[in-house]
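Trainee: I would like to learn how structural labels are earned. Can we work through an example?

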Amino acid sequence: MIDAQLKSRLLKGAPLLWVNPDQIPVLMAEVPVRPAQVKDAEQNWRDLAPLLQQCFPELQGPNGAISSDLIEVAALAQVMGNDQGRHFVKGDHALPVAGSIKARGGIYEVFLYGLSLARSLGLIKADDTPIALAHPEVKAAFANYTVAVGSTGNLGLSVGIAARALGFQAVVHMSSDAKAWKVERLKHHGVDVVQHDADYGNAVAAARDQADADPTIYFVDDERSELLFFGYSAAAAELRDQLDAQGIIVDAQHPLFLYLPCGIGGAPGGVTYGLKQVFGDNAHCFFVEPAQSPCALVQLAGGLEKQINVYDIGLTNKTEADGMAVAEISWFIAQVMHPLLSGVYTVADDDLFRWLALAHDQAGLQLEPSAAACLGGPAAAMDTAEGQGYLTQNGLTHHMTQATHVMWATGGSFVPDEEFQGFLAKGNQLLSQR
Ligand SMILES: Cc1ncc(COP(=O)(O)O)c(C=O)c1O
């Protein structure tokens with residue numbers, strides 16, 4: 001049951017930070033996944049790299065990796081009133097191929113499905129490397145199979161583009177929150193788009209039902225998929241290497257704070273699980289959700305006895321942050337995050353536009369509203385009574401001048417210019433009213 005006082009604060013719609021009372025040291029946490037699976041995912045990504053490079057000409061780098069920059073944003077942090085420690089944006093808004101964090105999950109799952117299907121159909125040999133999927137005969141055979149997914153938009157882009165690149169048919173079931181430009185972009189890639197006049201959960205259920213009835217349809221299940229989860233988890237090792245390259249230490253005296261936008265929970269959950277394997281208890285991971293769609297918060301605060309959604313407590317699930325317009329967190333992710341997550345903060349839609357404009361102005365970033373949510377993290381952790389309580393409880397107060405804050409910017413570089421100019425104008429107008 002969700003505490004009455006917390007419920008009443010949530011219903012007021014004002015931003016807040018909830019600290020997870022059930023977080024325990026990572027080595028004591030019993031969760032339904034294993035650390036070795038993160039290592040496997042890192043290896044799978046390395047094995048896939050030559051094929052990815054062949055499929056996507058934009059992967060011109062030396063290793064064919066789907067990776068993003070770690071961008072220091074001191075001026076932006078200053079303008080936002082954050083002055084303790086160093087501040088970075090993890091630039092998944094500019095991830096190649098799909099322009100969002102969803103590239104890490106969707107491409108991973110579709111390509112691994114392609115490999116296992118090709119092996120089971122005898123199209124390639126068990127010991128062939130993934131590049132064998134680029135053979136025209138394999139692609140021709142894949143045309144008889146369909147990859148389907150339900151999405152608020154960005155997962156659809158990632159799965160749809162990946163599926164078409166391997167020669168599959170692709171169907172994306174979009175929720176009513178999906179933005180028109182995402183639908184257009186998918187159609188341009190030859191993806192069938194089914195638009196539902198219902199929320200994300202309903203779009204996923206419709207896609208799952210259709211796939212269940214047809215053995216030639218493979219369903220990427222955003223609510224349940226472990227493949228998506230581990231695809232995301234490999235991002236932690238990438239971040240470790242980037243921090244190492246900059247000589248940034250992470251230990252008990254130099255804590256690492258991470259702020260991750262959350263919808264169904266797969267992307268931030270997978271990344272958090274990976275981070276906990278790499279940095280242990282020195283990684284302090286916070287999810288961020290819209291004030292009207294705090295599905296992770298209500299589930300984790302309400303306890304794991306039964307599933308709770310945001311409608312149950314009287315919220316609307318209406319937000320401009322389309323990627324986070326999700327009423328009920330994945331049950332699988334809730335189990336994994338329950339002992340590991342530090343907390344969840346909520347954001348008001350108007351702040352998303354303000355921060356989006358500041359990020360453009362101060363750091364030249366092109367973010368979509370969902371991604372801008374990460375920028376409120378340092379203030380939530382440092383400037384709220386709950387955040388101060390968290391720092392005290394964890395003995396961190398005196399170490400925060402040596403902290404590293406990483407705000408995970410989850411999408412935006414594919415937003416069409418006209419649309420982005422509209423976001424900017426709105427943000428700037430809101431900023432000028434202050
Ligand atoms: C830009 C953006 N940020 C964050 C998320 C949240 O990811 P998840 O739904 O896996 O929690 C999404 C999901 O689509 C997204 O598009």
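Mentor: We will take a helix pair, then the ligand, then one loop residue.
Mentor: This is a predicted model, where local features need pLDDT of at least 70, side-chain atom pairs count only at pLDDT 80 or more, and totals for chains, interfaces and linings use all residues. Residues are numbered from 1 along each chain as its sequence is written, and side-chain values use heavy atoms, leaving out hydrogens and water.

Trainee: Why are α6 and α7 called roughly parallel?
Mentor: α6 (residues 154-166) and α7 (residues 180-188) pack at about 5 degrees, with axes 10 Å apart. Angles under 35 degrees count as roughly parallel. Therefore α6 and α7 are roughly parallel to each other.

Trainee: What makes the contact between α6 and α7?
Mentor: Contact means heavy atoms within 4.5 Å. Asn-154, Gly-156, Leu-157 and Gly-160 of α6 meet Trp-181, Lys-182, Arg-185 and Leu-186 of α7.

Trainee: How do you know that Lys-102 has a polar contact with the ligand?
Mentor: A polar contact is a pair of N or O atoms within 3.5 Å. A polar side-chain atom of Lys-102 lies 2.6 Å from a ligand oxygen. That pair fits the definition. A backbone N or O atom of Gly-263 fits too, at 2.7 Å from a ligand oxygen. A polar backbone atom of Gly-266 is 3.3 Å from an oxygen of the ligand.

Trainee: Where is Met-80, and what does Met-80 touch?
Mentor: Met-80 sits in the loop between α3 (74-79) and β3 (86-90). Not counting residues up to four places away in sequence, Met-80 touches Trp-355, Leu-358 and Leu-375.

Key: Axes fitted to C-alpha atoms, helices over the stretch in contact; angles between N-to-C directions. Helix = DSSP H or I, 4+ residues; strand = E, 2+ residues; numbered from the N terminus. Parallel < 35°, antiparallel > 145°, perpendicular 65-115°, else oblique. Polar contact = N/O pair within 3.5 Å; in protein donor to acceptor, adjacent residues only side chain to side chain.
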